[in-house]
Amino acid sequence: MPAPTRRPPPRRVAKAPPVAPRLVVLNKPYDVLTQFNDDQGRDTLKNYLDMPGVYPAGRLDRDSEGLLLLTNDGRLQARIADPKHKLAKTYWVQVEGEPAEAQLAQLRAGVVLNDGPTLPAEARLLAEPDLWPRNPPVRFRKSVPTAWLELTIREGRNRQVRRMTAAVGLPTLRLVRVRIGPVDLEGLAPGAWREVDPAVLR
């Protein structure tokens, strides 16, 4: 009687250890794309952050500045970027013109855009903030006054803040995002970044 064949023991495949979530706060400069590569040679995030595996959570337009969050955690990325979570995003907005209370009331009530009405925003006049100079600087016309607003929204439509201010007759000249939820720029110079505990957004 032939000896029974012995099956080799199953190979144990070592599981890769879980990757710890990371959350990076970057002060994106003006005229920088919110991506790491560009086939047209434009300025991208790779010139400011060398950290493999992290990706932007949401976007910030090339002509906008300020707070950008990056993470290696998909769930955290969705929490930041997906409008259904209603995570507040605060902007300092330099506008052309002198805002009237009626215009601020329009922003607070919600503005009708071509893709539908926005949610109500928080809007108030702001004394000129102590910001870094923009490069290149905003073009001014001596005959046209400007003002600063603080605007907080809980959506993420394409160029939403610019479209909202334009809809109430206050074209945006400069746009700086200063806060997402509890995370702010806290003195970061343009192009600088720091890591924070991802638990602050959970």
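Which elements cover the buried residues of α3? Let me start there. This is a predicted model, by the way.

First, the residues themselves. In α3, the buried ones are Gln160, Val161, Arg162, Met164 and Thr165. Now the cover. It includes two strands we will meet again, β4 and β8, together with the helix α2. Also included are β5, at 112-113, and β9, at 172-180.

Look at the two sides of this helix. Ahead of α3, in the loop that comes from β8, sits Arg159. Arg159 is not a glycine, yet its phi is positive, about 50°. Is Arg159 buried or partly exposed? Its relative accessible area is 32%, so Arg159 counts as partly exposed. Just after α3 comes Gly169. Gly169 has a positive phi too, about 85°.

Next, the core. The largest nonpolar core holds 29 residues. Within it, Leu70, Leu107 and Leu151 have the most contacts. Which elements give two or more residues to this core? From the strands, we have β1 at 23-28, β3 at 65-71, β4 at 89-96 and β8 at 146-153. From the helices, we have α2 at 101-109 and α3 at 160-167. The largest share comes from β8, with four residues. A general remark fits here. Nonpolar side chains in soluble globular proteins tend to be buried together.

There is another core, apart from this one. That one has 19 residues, including Leu76, Val176, Leu185 and Leu188.

Back to Leu70. What does Leu70 contact, leaving aside neighbours within four places in sequence? Start at the low numbers: Arg22, Leu23, Val24 and Leu26. Then Phe36, Leu45 and Leu49. Then a run: Val54, Tyr55, Pro56 and Ala57.

Now the loops. Between β1 and β2, the latter at 55-56, the loop contains Asp31. Phi of Asp31 is positive, near 70°, and this residue is not a glycine. Asp31 has 33% relative accessibility, so we call it partly exposed.

One more loop. Where is Pro136? Pro136 lies between β7, at 122-126, and β8. The peptide bond from Asn135 to Pro136 is cis, with omega at about 0°.

To close, back to β8. This strand gives the largest share of the 29-residue core. β8 also helps cover the buried residues of α3. And the loop with the cis bond at Pro136 lies between β7 and β8. Have a look at that region on the screen.

Notes. Residues are numbered from 1 along each chain as its sequence is written. This is a predicted model: local features need pLDDT of at least 70, side-chain atom pairs count only at pLDDT 80 or more; totals for chains, interfaces and linings use all residues. Side-chain values use heavy atoms; hydrogens and water are left out. A nonpolar core is a set of buried Ala, Val, Leu, Ile, Met, Phe, Trp, Tyr and Cys residues joined through side-chain atoms within 4.5 Å. Buried means under 20% relative accessible area, exposed over 50%, partly exposed in between (1.4 Å probe, protein chains only). Contact means heavy atoms within 4.5 Å.
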